[in-house]
Amino acid sequence: MKTRKRHIAKTITWRILASTTTFILTLVFFKESPDATSKALGVVALESVIKMILYYYHERLWFIRQFGLRSSVRHLLKTITWRAIASASTFVIAFLIFKDDPFALEKASGIAVVETIIKMILYFLHERIWYRQDLGLDRRKENNEQIAIKIDEK
């Protein structure tokens with residue numbers, strides 16, 4: 001399996017998890033708005049398309065730029081960069097869809113802040129789970145074995 005397929009699979013699994021979280025948060029913050037459920041679905045639908053594209057390119061950039069970091073540090077930095085991009089886009093989408101709500105700015109801000117905390121934790125866990133999977137990384141196992149052999153020889 002090529003790495004691009006792995007990144008597509010990671011994109012889809014993350015999007016399901018993240019969209020569910022966004023839907024729940026949008027309903028919580030905009031529960032008193034008319035048509036809250038349908039508008040929350042609109043937020044999720046729009047962000048799903050936009051964020052899948054952004055996430056895919058975020059994954060590709062981090063794959064191309066290795067930076068030579070330990071995996072846990074790398075995952076933490078990926079978490080922070082992705083969260084900044086994602087929370088900003090959620091804020092804009094929620095604000096635009098609920099612009100008729102008199103407190104749309106405050107509520108969209110609330111969603112962005114709360115989701116930043118929740119989704120950073122979820123994203124970090126998502127990264128750690130995917131790191132343990134060799135799906136699409138046929139050579140990683142071979143490279144790790146070669147490194148282990150070199151260490152053993154010393």
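These questions and answers walk through helices, burial and salt bridges in a predicted model. Local features need pLDDT of at least 70, side-chain atom pairs count only at pLDDT 80 or more, and totals for chains, interfaces and linings use all residues. Residues are numbered from 1 along each chain as its sequence is written, and side-chain values use heavy atoms, with hydrogens and water left out.

Q: At which residue does H2 bend by about 30°?
A: H2 is a helix, meaning a DSSP run of H or I with at least four residues, numbered from the N terminus. The bend is the angle between axes fitted to the seven residues ending at a residue and the seven starting there. For H2, the bend of about 30° falls at serine 48.

Q: Is glutamate 115 buried or exposed?
A: Buried means under 20% relative accessible area, exposed over 50%, and partly exposed in between (1.4 Å probe, protein chains only). Glutamate 115 is found in helix H4 (residues 104–131). Its relative accessible area is 0%, so glutamate 115 is buried.

Q: Which residue forms a salt bridge with glutamate 59?
A: A salt bridge puts a side-chain nitrogen of Lys or Arg within 4 Å of a carboxyl oxygen of Asp or Glu. Here the closest N and O atoms are 2.9 Å apart, and the partner of glutamate 59 is lysine 78. Glutamate 59 lies in helix H2 and its partner in helix H3 (residues 71–97), so the pair ties together parts 19 residues apart in sequence. The partner is buried too, at a relative accessible area of 2%: lysine 78.

Key. Helix = DSSP H or I, 4+ residues; strand = E, 2+ residues; numbered from the N terminus.
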